[in-house]
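Here are three short exercises to work through with the structure in view. Try each task yourself before you read its solution.

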Amino acid sequence: MENQKTITIMGSSQNKSAVEKAAQSVFTVCAFMAVMAVASITIYMIINGTPALFKVGVGELLLGTEWAPGAAQPSYGIFYIILTSVIGTALAVLLGVPIGVLTAVFLAELAPGRVAAVIQPAVELLAGIPSVIYGLLGVMILNPLMYRLELRLFHGSATHQFTGGANLISAVIVLAVMILPTVINISTSAIRAVPEHLRAASEALGASRIQTIFRVVLPAAGSGIITAVVLGVGRAVGEAMAISLVSGSSVNFPLPFHSVRFLTTAIVSEMGYAADTHRQVLFTIGLVLFTFIMLINISLTRILKKGEKEND
């Protein structure tokens, strides 16, 4: 008995100190790499995106409305492209986020177990579908429907340019469907993470189930829902393949039945053959897109922090 040694899974204090120092070093390196990745992307986009601003002119490039890079006198106005991305993303979020959040409420709070067991895997399957499939479905199903509606609305019009259904509305609908899985999955997790005693306290005070959901549960899960919105906006802004198939990819003012071009589709559709100033302008479009995404993330992060302070 005297020769027996005590063995612990924690090890000695020296071993623990060495492990903690090693772990701290690993975490520091990982954090540094993440910061360096963001800084490198930012510097690269600035270096490659700014030359066209000086060569073409900031006003002509950002506020010009004519896009004709192959003309005898090239024009590189991207104002309509920027406006299309802003309006298209905003409409997709306005359409997709309420549907996604309400679906998350149903799955987390109201759906019977068997129903939730069917819907949840279906939503997760939507998240795994490649974007090109959404585009193909839009071309085969959505565009013909939009074209029929377009023919009825503009029957006999001598000024309307028919798009065959490839227009802003089709792009918005496809984007809204594509952000649904992200919004639903993250919002469902956030709602289920709300402590049960908050629901019990609300119902004990006489609130109905619906009142508890909208006045207690959703505000408590607000930070997670806003995170879902941020990620959904990121996917909507950065989508290119599906949008290029259903939007028509023409530079026009973003009206509902106009064929339009987003920032991402402008880069994808022309980068393969662009050269010289044209190529530099495409990098400038990438810089504008990068700035657009950064501004959205910063704005929504501030809203998130403000909401957390109010909830506290």
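**Exercise 1.** Find the helix that holds F283, then decide whether F283 is buried or exposed.

*Solution.* In this predicted model, start with the helix: F283 belongs to α13, which spans residues 276-311. Next, take the relative accessible area of F283, which is 17%. Buried means under 20%, so F283 counts as buried. Finally, look for its contacts beyond the neighbours within four places in sequence: these are Y44, M45, N48, G49 and M271.

**Exercise 2.** Work out how the buried residues of helix α5 are arranged around its axis.

*Solution.* First, locate α5: it runs over residues 113-128 and has 16 residues. From first C-alpha to last it reaches 23 Å, close to the expected 22 Å. Second, pick out A116, Q120 and V123, which are buried. They cover an arc of only 65° around the axis, so they sit on the same side of α5. A general rule helps here: an α-helix has 3.6 residues a turn, so residues three or four places apart point the same way. Third, see what this side meets: the buried residues of α5 pack against α4 (79-110) and α7 (168-192). The face turned away from the buried side carries the exposed residues R114, V118, L125 and G128.

**Exercise 3.** Which helix gives the most to the nonpolar surface patch that includes V132 and M241?

*Solution.* Begin with the patch, which has about 850 Å² of accessible area together. Two or more residues each come from α6 (131-153) and α11 (241-246). With eight residues, α6 gives the most. One of the patch members is L137, which lies in α6 and is partly exposed at 47% relative accessible area.

Key: Residues numbered from 1 in each chain as written. Predicted model: local features only at pLDDT ≥ 70, side-chain atom pairs only at ≥ 80, totals over all residues. Heavy atoms only, no water. Helix = DSSP H or I, 4+ residues; strand = E, 2+ residues; numbered from the N terminus. Buried < 20%, exposed > 50% of the residue type's maximum accessible area, 1.4 Å probe, protein only. Contact = heavy atoms within 4.5 Å. Expected span 1.5 Å × (residues − 1). Arc of directions from axis to C-beta. Patch = residues over 30% accessible without salt bridge, like charges linked within 9 Å, V, L, I, M, F, W, Y side chains within 5 Å. Areas by Shrake-Rupley, 256 points an atom, 1.4 Å probe, with all protein chains shown as cover. Salt bridge = Lys/Arg side-chain N within 4 Å of Asp/Glu carboxyl O.
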